[in-house]
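Thanks for coming. I will put the structure up and then go through its contacts part by part.

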2 protein chains.
Amino acid sequence: MSYCANHTAPPYGAQRMTPQRQLISAATAAREGAFSVEALAADVGALDATIGVSTVYRAVTAMLASGWLERVGERDGSALFARCTAGGHHHHVVCDRCGRVATAECPLDVSVPGAMQSDGFVITRHEVMLYGLCPECAIADRDEE
Amino acid sequence: MSYCANHTAPPYGAQRMTPQRQLISAATAAREGAFSVEALAADVGALDATIGVSTVYRAVTAMLASGWLERVGERDGSALFARCTAGGHHHHVVCDRCGRVATAECPLDVSVPGAMQSDGFVITRHEVMLYGLCPECAIADRDEE
DNA sequence: TTGTATGCAAATGGTTTGCACCTAT
DNA sequence: ATAGGTGCAAACCATTTGCATACAA
(Lines give C-alpha, C1' and ligand atoms only; values in the text may rest on other atoms or scores of the structure.)
Protein backbone atom coordinates (compact mmCIF):
# COMPACT_ATOMS: atom_id res chain seq x y z
CA MET A 1 0.00 0.00 0.00
CA SER A 2 1.12 3.49 -0.67
CA TYR A 3 1.56 6.09 1.97
CA CYS A 4 1.33 8.75 -0.66
CA ALA A 5 -1.77 8.32 -2.74
CA ASN A 6 -1.73 10.49 -5.82
CA HIS A 7 -3.21 13.91 -5.44
CA THR A 8 -3.15 13.56 -1.69
CA ALA A 9 -1.53 15.77 0.87
CA PRO A 10 1.99 14.59 1.64
CA PRO A 11 2.36 12.61 4.85
CA TYR A 12 4.95 15.01 6.08
CA GLY A 13 5.93 18.64 5.93
CA ALA A 14 6.90 18.74 2.28
CA GLN A 15 4.90 21.12 0.20
CA ARG A 16 5.10 19.22 -3.04
CA MET A 17 4.77 15.50 -3.49
CA THR A 18 7.36 14.62 -6.07
CA PRO A 19 7.96 11.05 -7.25
CA GLN A 20 11.22 11.08 -5.32
CA ARG A 21 9.49 11.91 -2.08
CA GLN A 22 6.87 9.29 -2.75
CA LEU A 23 9.59 6.68 -3.00
CA ILE A 24 11.37 8.02 0.03
CA SER A 25 8.28 8.03 2.18
CA ALA A 26 7.37 4.56 0.95
CA ALA A 27 10.86 3.31 1.80
CA THR A 28 10.59 4.96 5.18
CA ALA A 29 7.23 3.37 5.86
CA ALA A 30 8.57 -0.01 4.82
CA ARG A 31 11.35 0.14 7.37
CA GLU A 32 10.60 -1.68 10.59
CA GLY A 33 12.99 -0.33 13.14
CA ALA A 34 15.54 2.40 13.54
CA PHE A 35 17.62 3.28 10.52
CA SER A 36 20.28 5.69 9.42
CA VAL A 37 19.96 8.02 6.47
CA GLU A 38 22.60 5.93 4.76
CA ALA A 39 20.44 2.81 5.07
CA LEU A 40 17.35 4.63 3.93
CA ALA A 41 19.24 6.04 0.98
CA ALA A 42 20.30 2.51 0.08
CA ASP A 43 16.68 1.35 0.07
CA VAL A 44 15.67 4.33 -1.99
CA GLY A 45 18.56 3.75 -4.33
CA ALA A 46 17.30 0.23 -4.99
CA LEU A 47 14.04 1.73 -6.20
CA ASP A 48 15.56 4.56 -8.18
CA ALA A 49 19.30 4.86 -8.41
CA THR A 50 19.16 8.41 -9.70
CA ILE A 51 17.91 9.81 -6.40
CA GLY A 52 20.74 11.57 -4.63
CA VAL A 53 21.66 11.46 -0.96
CA SER A 54 20.97 15.12 -0.43
CA THR A 55 17.41 14.60 -1.58
CA VAL A 56 17.02 11.89 1.03
CA TYR A 57 18.48 14.17 3.68
CA ARG A 58 16.14 16.96 2.70
CA ALA A 59 13.17 14.61 2.81
CA VAL A 60 14.21 13.33 6.21
CA THR A 61 14.42 16.89 7.45
CA ALA A 62 10.89 17.52 6.22
CA MET A 63 9.62 14.32 7.80
CA LEU A 64 11.18 15.28 11.11
CA ALA A 65 9.67 18.74 10.94
CA SER A 66 6.20 17.30 10.56
CA GLY A 67 6.69 14.76 13.32
CA TRP A 68 6.07 11.91 10.88
CA LEU A 69 9.55 10.69 11.65
CA GLU A 70 11.56 10.93 14.84
CA ARG A 71 15.17 10.85 15.78
CA VAL A 72 15.51 7.91 18.11
CA GLY A 73 19.21 7.70 18.77
CA GLU A 74 22.64 7.54 17.31
CA ARG A 75 24.98 4.83 16.21
CA ASP A 76 28.54 4.93 14.97
CA GLY A 77 28.37 8.66 14.60
CA SER A 78 25.26 8.77 12.46
CA ALA A 79 21.75 9.57 13.56
CA LEU A 80 19.06 6.92 13.84
CA PHE A 81 15.47 7.61 12.88
CA ALA A 82 12.19 5.76 13.07
CA ARG A 83 8.56 6.35 12.30
CA CYS A 84 6.56 6.74 15.40
CA THR A 85 2.83 6.78 15.84
CA ALA A 86 2.83 7.54 19.54
CA GLY A 87 1.64 10.98 20.45
CA GLY A 88 2.68 13.21 23.29
CA HIS A 89 6.00 13.34 24.99
CA HIS A 90 7.89 10.06 24.97
CA HIS A 91 11.19 8.43 24.21
CA HIS A 92 12.39 5.32 22.41
CA VAL A 93 14.26 2.14 23.11
CA VAL A 94 16.34 0.88 20.23
CA CYS A 95 17.38 -2.75 20.00
CA ASP A 96 21.14 -2.77 19.54
CA ARG A 97 20.89 -6.04 17.67
CA CYS A 98 18.04 -5.72 15.19
CA GLY A 99 17.14 -2.07 15.37
CA ARG A 100 13.58 -2.66 16.50
CA VAL A 101 12.10 0.31 18.30
CA ALA A 102 9.61 0.66 21.13
CA THR A 103 8.27 3.78 22.73
CA ALA A 104 9.11 4.42 26.34
CA GLU A 105 7.62 6.70 28.91
CA CYS A 106 9.64 9.68 29.94
CA PRO A 107 11.39 8.86 33.19
CA LEU A 108 11.48 12.52 34.12
CA ASP A 109 8.66 14.40 35.72
CA VAL A 110 7.51 16.66 32.95
CA SER A 111 4.10 17.34 34.39
CA VAL A 112 5.16 20.90 35.09
CA PRO A 113 7.43 21.83 32.17
CA GLY A 114 10.22 24.16 33.14
CA ALA A 115 9.70 23.59 36.82
CA MET A 116 11.72 20.43 37.19
CA GLN A 117 14.68 21.07 39.34
CA SER A 118 17.95 19.46 40.12
CA ASP A 119 20.39 21.34 42.32
CA GLY A 120 18.32 24.44 41.76
CA PHE A 121 18.58 24.17 38.00
CA VAL A 122 15.45 24.66 35.96
CA ILE A 123 15.49 21.95 33.36
CA THR A 124 14.10 23.19 30.08
CA ARG A 125 14.95 20.34 27.76
CA HIS A 126 16.34 16.88 27.91
CA GLU A 127 17.36 13.96 25.78
CA VAL A 128 16.85 10.38 26.81
CA MET A 129 18.19 7.67 24.56
CA LEU A 130 17.62 4.06 25.55
CA TYR A 131 19.36 1.08 24.00
CA GLY A 132 19.12 -2.60 24.71
CA LEU A 133 17.67 -5.78 23.32
CA CYS A 134 14.15 -6.41 22.15
CA PRO A 135 12.38 -9.50 23.57
CA GLU A 136 13.33 -11.69 20.62
CA CYS A 137 16.94 -10.64 20.50
CA ALA A 138 17.24 -11.02 24.25
CA ILE A 139 16.24 -14.67 23.86
CA ALA A 140 18.49 -15.22 20.85
CA ASP A 141 21.32 -13.60 22.71
CA ARG A 142 20.83 -15.79 25.75
CA ASP A 143 20.74 -18.97 23.66
CA GLU A 144 24.01 -18.08 22.02
CA GLU A 145 25.85 -17.95 25.29
CA MET B 1 47.94 26.02 41.91
CA SER B 2 49.00 23.19 39.74
CA TYR B 3 47.06 20.05 39.13
CA CYS B 4 50.17 18.36 37.89
CA ALA B 5 53.00 18.74 40.36
CA ASN B 6 56.32 17.87 38.83
CA HIS B 7 57.39 14.28 39.09
CA THR B 8 53.89 13.25 40.01
CA ALA B 9 51.62 10.78 38.34
CA PRO B 10 49.44 12.49 35.75
CA PRO B 11 45.90 13.28 36.89
CA TYR B 12 44.51 11.27 34.02
CA GLY B 13 45.25 8.28 31.89
CA ALA B 14 48.23 9.70 30.07
CA GLN B 15 51.43 7.76 30.52
CA ARG B 16 53.78 10.69 30.25
CA MET B 17 53.35 14.11 31.70
CA THR B 18 54.57 16.46 29.05
CA PRO B 19 54.52 20.23 29.45
CA GLN B 20 51.69 20.33 26.92
CA ARG B 21 49.55 18.04 29.00
CA GLN B 22 50.35 19.99 32.11
CA LEU B 23 48.99 23.10 30.44
CA ILE B 24 45.99 21.28 29.09
CA SER B 25 45.06 19.76 32.42
CA ALA B 26 45.59 23.11 34.12
CA ALA B 27 43.34 24.80 31.58
CA THR B 28 40.78 22.06 32.06
CA ALA B 29 40.88 22.44 35.81
CA ALA B 30 40.49 26.21 35.49
CA ARG B 31 37.29 25.85 33.50
CA GLU B 32 34.15 26.21 35.57
CA GLY B 33 31.39 24.65 33.55
CA ALA B 34 30.90 22.68 30.41
CA PHE B 35 33.17 23.44 27.51
CA SER B 36 33.92 22.28 24.01
CA VAL B 37 37.29 21.12 22.82
CA GLU B 38 37.43 24.25 20.72
CA ALA B 39 37.04 26.43 23.80
CA LEU B 40 39.59 24.45 25.74
CA ALA B 41 42.01 24.66 22.83
CA ALA B 42 41.54 28.43 22.84
CA ASP B 43 42.44 28.58 26.53
CA VAL B 44 45.43 26.37 25.95
CA GLY B 45 46.45 28.41 22.95
CA ALA B 46 46.54 31.51 25.13
CA LEU B 47 49.11 29.79 27.30
CA ASP B 48 51.14 28.30 24.50
CA ALA B 49 50.19 29.02 20.93
CA THR B 50 52.33 26.22 19.58
CA ILE B 51 50.12 23.49 21.03
CA GLY B 52 48.04 21.98 18.27
CA VAL B 53 44.39 21.02 18.34
CA SER B 54 45.09 17.36 17.88
CA THR B 55 47.18 17.37 21.02
CA VAL B 56 44.23 18.81 22.91
CA TYR B 57 41.93 16.19 21.42
CA ARG B 58 44.32 13.43 22.41
CA ALA B 59 44.59 14.79 25.93
CA VAL B 60 40.81 15.01 26.22
CA THR B 61 40.55 11.40 25.11
CA ALA B 62 42.99 10.41 27.84
CA MET B 63 41.14 12.44 30.45
CA LEU B 64 37.87 10.81 29.47
CA ALA B 65 39.42 7.36 29.65
CA SER B 66 40.54 7.93 33.20
CA GLY B 67 37.22 9.40 34.26
CA TRP B 68 38.89 12.67 35.19
CA LEU B 69 36.70 14.37 32.62
CA GLU B 70 33.22 13.52 31.45
CA ARG B 71 31.15 14.16 28.42
CA VAL B 72 28.17 16.10 29.66
CA GLY B 73 26.29 16.97 26.53
CA GLU B 74 26.45 18.46 23.11
CA ARG B 75 25.97 21.88 21.63
CA ASP B 76 25.93 23.08 18.06
CA GLY B 77 27.29 19.79 16.86
CA SER B 78 30.29 19.66 19.15
CA ALA B 79 30.66 17.69 22.34
CA LEU B 80 30.61 19.33 25.75
CA PHE B 81 32.85 18.17 28.57
CA ALA B 82 33.27 18.98 32.21
CA ARG B 83 35.35 17.83 35.13
CA CYS B 84 33.27 15.90 37.54
CA THR B 85 34.08 14.81 41.04
CA ALA B 86 30.92 12.83 41.62
CA GLY B 87 31.35 9.09 41.78
CA GLY B 88 29.00 6.35 40.74
CA HIS B 89 26.34 6.48 38.08
CA HIS B 90 24.94 9.92 37.48
CA HIS B 91 24.11 12.46 34.83
CA HIS B 92 24.58 16.18 34.36
CA VAL B 93 22.54 19.30 33.90
CA VAL B 94 24.15 21.95 31.77
CA CYS B 95 23.09 25.58 31.98
CA ASP B 96 22.28 26.69 28.46
CA ARG B 97 23.23 30.23 29.34
CA CYS B 98 26.50 30.09 31.25
CA GLY B 99 27.55 26.49 30.89
CA ARG B 100 27.55 25.76 34.59
CA VAL B 101 27.15 22.09 35.35
CA ALA B 102 25.50 20.18 38.17
CA THR B 103 25.27 16.47 38.69
CA ALA B 104 21.86 14.86 38.58
CA GLU B 105 20.59 11.55 39.78
CA CYS B 106 19.73 8.99 37.18
CA PRO B 107 15.98 9.07 36.61
CA LEU B 108 16.02 5.43 35.53
CA ASP B 109 15.95 2.49 37.84
CA VAL B 110 19.42 1.12 37.44
CA SER B 111 19.41 -0.87 40.65
CA VAL B 112 19.31 -4.04 38.63
CA PRO B 113 21.45 -3.37 35.56
CA GLY B 114 20.20 -5.09 32.44
CA ALA B 115 16.90 -5.91 34.00
CA MET B 116 15.12 -2.68 33.32
CA GLN B 117 12.35 -3.24 30.92
CA SER B 118 10.15 -1.23 28.67
CA ASP B 119 7.79 -3.07 26.36
CA GLY B 120 9.73 -6.23 27.02
CA PHE B 121 13.02 -4.64 26.00
CA VAL B 122 16.02 -5.20 28.21
CA ILE B 123 17.71 -1.84 28.50
CA THR B 124 21.45 -2.20 28.56
CA ARG B 125 22.60 1.35 28.23
CA HIS B 126 21.16 4.82 28.17
CA GLU B 127 22.05 8.42 27.74
CA VAL B 128 20.39 11.22 29.65
CA MET B 129 21.34 14.77 28.82
CA LEU B 130 19.71 17.57 30.76
CA TYR B 131 19.79 21.23 29.83
CA GLY B 132 18.29 24.25 31.45
CA LEU B 133 19.20 27.27 33.51
CA CYS B 134 21.26 27.37 36.65
CA PRO B 135 19.75 29.24 39.62
CA GLU B 136 21.58 32.47 38.82
CA CYS B 137 20.78 32.46 35.14
CA ALA B 138 17.17 31.59 35.87
CA ILE B 139 16.93 34.78 37.92
CA ALA B 140 18.79 36.86 35.36
CA ASP B 141 16.58 35.46 32.65
CA ARG B 142 13.42 36.28 34.55
CA ASP B 143 14.55 39.86 35.19
CA GLU B 144 15.18 40.44 31.54
CA GLU B 145 11.64 39.65 30.61
C1' DT C 1 66.97 3.59 24.80
C1' DT C 2 62.37 3.28 23.57
C1' DG C 3 57.87 3.81 23.20
C1' DT C 4 54.72 7.59 23.99
C1' DA C 5 53.51 12.40 22.74
C1' DT C 6 53.59 16.22 19.53
C1' DG C 7 52.65 19.12 15.46
C1' DC C 8 51.45 19.55 11.12
C1' DA C 9 48.71 18.59 7.43
C1' DA C 10 45.80 15.68 5.24
C1' DA C 11 42.03 12.47 5.64
C1' DT C 12 37.39 11.16 7.44
C1' DG C 13 32.64 10.99 7.25
C1' DG C 14 28.09 12.47 8.23
C1' DT C 15 25.53 16.24 6.88
C1' DT C 16 24.72 20.71 4.50
C1' DT C 17 24.72 23.90 0.77
C1' DG C 18 25.32 26.56 -3.83
C1' DC C 19 23.69 26.49 -8.14
C1' DA C 20 21.41 25.64 -12.39
C1' DC C 21 17.74 22.91 -13.94
C1' DC C 22 13.21 20.70 -13.38
C1' DT C 23 8.33 20.33 -12.09
C1' DA C 24 4.17 20.01 -9.05
C1' DT C 25 0.71 23.04 -8.18
C1' DA D 1 4.18 31.24 -13.80
C1' DT D 2 6.65 30.36 -9.79
C1' DA D 3 8.10 28.68 -5.58
C1' DG D 4 9.74 24.51 -4.13
C1' DG D 5 12.38 20.21 -5.21
C1' DT D 6 16.32 17.75 -7.38
C1' DG D 7 21.10 16.25 -8.54
C1' DC D 8 25.62 17.01 -8.51
C1' DA D 9 29.67 18.43 -6.57
C1' DA D 10 31.81 21.13 -3.41
C1' DA D 11 31.77 22.91 1.24
C1' DC D 12 31.47 22.22 6.21
C1' DC D 13 33.28 20.99 10.51
C1' DA D 14 34.24 18.35 14.46
C1' DT D 15 37.22 14.87 15.07
C1' DT D 16 40.84 11.47 13.68
C1' DT D 17 45.04 9.89 11.78
C1' DG D 18 49.70 9.29 9.24
C1' DC D 19 54.16 10.42 9.77
C1' DA D 20 58.54 12.21 11.06
C1' DT D 21 60.40 14.32 15.04
C1' DA D 22 60.93 15.25 20.07
C1' DC D 23 61.29 13.76 24.62
C1' DA D 24 59.76 11.61 29.35
C1' DA D 25 60.83 7.60 31.70
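Let me start with a question: how far does a polar side-chain atom of Tyr57(A) lie from a phosphate oxygen of DNA strand C? The distance is 2.6 Å. Keep in mind that this is a predicted model, and that every value I quote is computed from it.

Staying with DNA strand C, 21 residues surround this strand. The closest are Tyr57(A), Arg16(B), Thr18(B), Thr55(B) and Arg58(B), so you can see in that list that both chains are represented. Met17(A) also takes part, with a polar backbone atom 3.5 Å from a phosphate oxygen of DNA strand C. From chain B, Gln20(B) places a polar side-chain atom 3.0 Å from a sugar or linking oxygen of DNA strand C. The elements that give two or more residues to this surface are helix 3 (53-66) and strand 2 (78-83) of chain A, together with helix 1 (19-30) and helix 3 (53-66) of chain B. By class, the residues near DNA strand C are six nonpolar, 10 polar and five charged. Of the atoms of DNA strand C within 4 Å of the protein, 60% belong to sugar or phosphate, and the rest to bases.

Next, DNA strand D. Here 21 residues surround the strand, and the closest are Arg16(A), Thr18(A), Thr55(A), Arg58(A) and Tyr57(B). Gln20(A) has a polar side-chain atom 3.0 Å from a sugar or linking oxygen of DNA strand D. For the bases, there are two contacts to show. An N or O atom in the side chain of Ser54(A) is 3.3 Å from a base nitrogen of DNA strand D, and a polar side-chain atom of Arg16(B) lies 3.4 Å from a base nitrogen of DNA strand D. Helix 1 (19-30) and helix 3 of chain A, with helix 3 and strand 2 of chain B, are the elements giving two or more residues to this surface. Sugar or phosphate accounts for 62% of the atoms of DNA strand D within 4 Å of the protein.

Strand 2 of chain B deserves a brief look by itself. Strand 1 (residues 69-75) of chain B pairs with strand 2 (residues 78-83) of chain B in the antiparallel sense, over six bridges. Arg75(B) stands opposite Ser78(B). The two strands form a hairpin with two residues between them, and Asp76(B) in the turn has a positive phi of about 55 degrees.

Now the protein interface. How many residues of chain B are in contact with chain A? There are 30, and they meet 30 residues of chain A. The area buried between the two chains is about 2400 Å², with 60% of that from carbon and sulfur atoms. On the chain B side, Phe121(B), Arg125(B) and Tyr131(B) lose the most area to chain A, together 27% of what that side buries.

Arg125(B) comes up again in the charged contacts. Two salt bridges are found across the interface. Arg125(B) forms a salt bridge with Asp96(A), the closest N and O atoms being 2.9 Å apart. Between chain B and chain A, 10 residue pairs are in polar contact. Strand 6 of chain B gives the most to the side that touches chain A, with 13 residues. By class, that side has 19 nonpolar, six polar and five charged residues.

Which strand of chain A pairs with strand 6 of chain B? The partner is strand 6 (residues 121-133) of chain A, in the antiparallel sense, over 11 bridges. To find the register on screen, take His126(A), whose bridge partner is Leu130(B). That is where I will stop.

Terms used. Residues are numbered from 1 along each chain as its sequence is written. Chains are lettered from A and ligands numbered from 1 in the order in which they are written. This is a predicted model: local features need pLDDT of at least 70, side-chain atom pairs count only at pLDDT 80 or more; totals for chains, interfaces and linings use all residues. Side-chain values use heavy atoms; hydrogens and water are left out. Contact means heavy atoms within 4.5 Å. Buried area is the accessible area (1.4 Å probe) that two parts lose on being put together, summed over both. A salt bridge is a side-chain nitrogen of Lys or Arg within 4 Å of a carboxyl oxygen of Asp or Glu. A polar contact is a pair of N or O atoms within 3.5 Å; within protein, one must be able to donate a hydrogen and the other to accept it, and residues adjacent in sequence count only if both atoms are side-chain atoms. Helices (H or I, at least four residues) and strands (E, at least two) are DSSP runs, numbered from the N terminus. Ala, Val, Leu, Ile, Met, Phe, Trp, Tyr, Cys and Pro count as nonpolar, Asp, Glu, Lys and Arg as charged, and the others, Gly among them, as polar. Two strands pair if DSSP finds at least two bridges between them. A residue is near a molecule or strand if one of its heavy atoms lies within 4 Å of it.
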